[in-house]
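Okay, let's take a look at this one together. I'll put it up on the screen and then talk through it.

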Amino acid sequence: AVGLPRYGVFLWDKMRNSTGAVHFYKAALRADPNFHPASADLACLLHRAMFEYDEAESMYEDVLSRVPGHVQTLCNCAWLNYHKHHRGGKAESFLETALQFEPSNPDALHMLARIISEESRRFDDAEELYNKALRLHPRHVDTLWSYGSFLMDYRDDVKGAETMYARALEIDAIQVSRDVIDHDELDGGEQSQ
């Protein structure tokens with residue numbers, strides 16, 4: 001059953017075939033309903049690519065009932081609660097739990113910073129979290145984008161925001177280049193147009 005979700009990852013990450021990926025994740029879960037990595041990945045795919053929020057939320061809850069410290073699932077639950085359901089307090093709670101299990105997780109740090117700046121207007125606390133995240137993970141693109149927005153929106157720091165955005169674009173361009181190269185290799189070495 002381990003190979004089925006791996007192929008699901010390949011289909012989604014490299015081929016952007018969400019329907020095929022869902023099929024292989026579900027096949028893996030039919031083979032082993034307790035294989036929580038497949039459940040967590042499928043929930044994320046349903047949530048972020050298929051917009052099946054209710055099914056994703058149910059799957060996230062199931063994963064967390066079996067593995068309460070599954071940090072990525074905690075972060076995904078926070079994202080879903082904040083962006084879809086507009087429940088900032090619940091999202092904040094998920095992220096604080098994630099940071100108890102993994103204090104240096106860049107996703108939890110930057111997401112919590114964003115939420116406490118937007119919801120609680122705790123700008124100094126948010127900036128501390130952004131700085132901690134970037135100290136630990138200076139090339140984390142999502143943190144750079146989020147911190148750039150924070151600097152622009154709450155600190156009126158255009159130069160600082162521009163610096164964060166430029167760093168994110170530089171790193172993102174490198175990643176996009178790698179993805180294009182990886183995709184070209186899958187196509188038999190043909191050049192992208």
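So, what does the protein average in pLDDT, the predictor's confidence in each residue, from 0 to 100? The average is 84, and 82% of the residues score at least 70. Over residues 179–193, though, the pLDDT is below 50, and beyond near neighbours in sequence that stretch has 11 contacts in the model (heavy atoms within 4.5 Å).

Some housekeeping: this is a predicted model, so local features need pLDDT of at least 70, side-chain atom pairs count only at pLDDT 80 or more, and totals for chains, interfaces and linings use all residues. Residues are numbered from 1 along each chain as its sequence is written, and side-chain values use heavy atoms, with hydrogens and water left out.

Now the elements; helices are DSSP runs (H or I, at least four residues), numbered from the N terminus. Helix α1, residues 3–13, has the lowest mean pLDDT at 65, while helix α8, residues 123–136, has the highest at 97.

Let's stay on α8. Its buried residues (under 20% relative accessible area, 1.4 Å probe, protein chains only) are Phe123, Ala126, Glu127, Leu129, Tyr130, Ala133 and Leu134. Why are they on the same side of α8? Because they cover an arc of only 160° around the axis, taking directions from the helix axis to the C-beta atoms. On the face turned away sit Asp124, Glu128 and Arg135, which are exposed (over 50%).

Last, cysteines. The whole structure has 0 disulfides, meaning pairs of cysteine sulfur atoms within 2.5 Å. For cysteine 75, the nearest cysteine sulfur belongs to cysteine 77, 9.5 Å away. Cysteine 75 counts as buried because its relative accessibility is 1%.

Technical notes:
Helix = DSSP H or I, 4+ residues; strand = E, 2+ residues; numbered from the N terminus.
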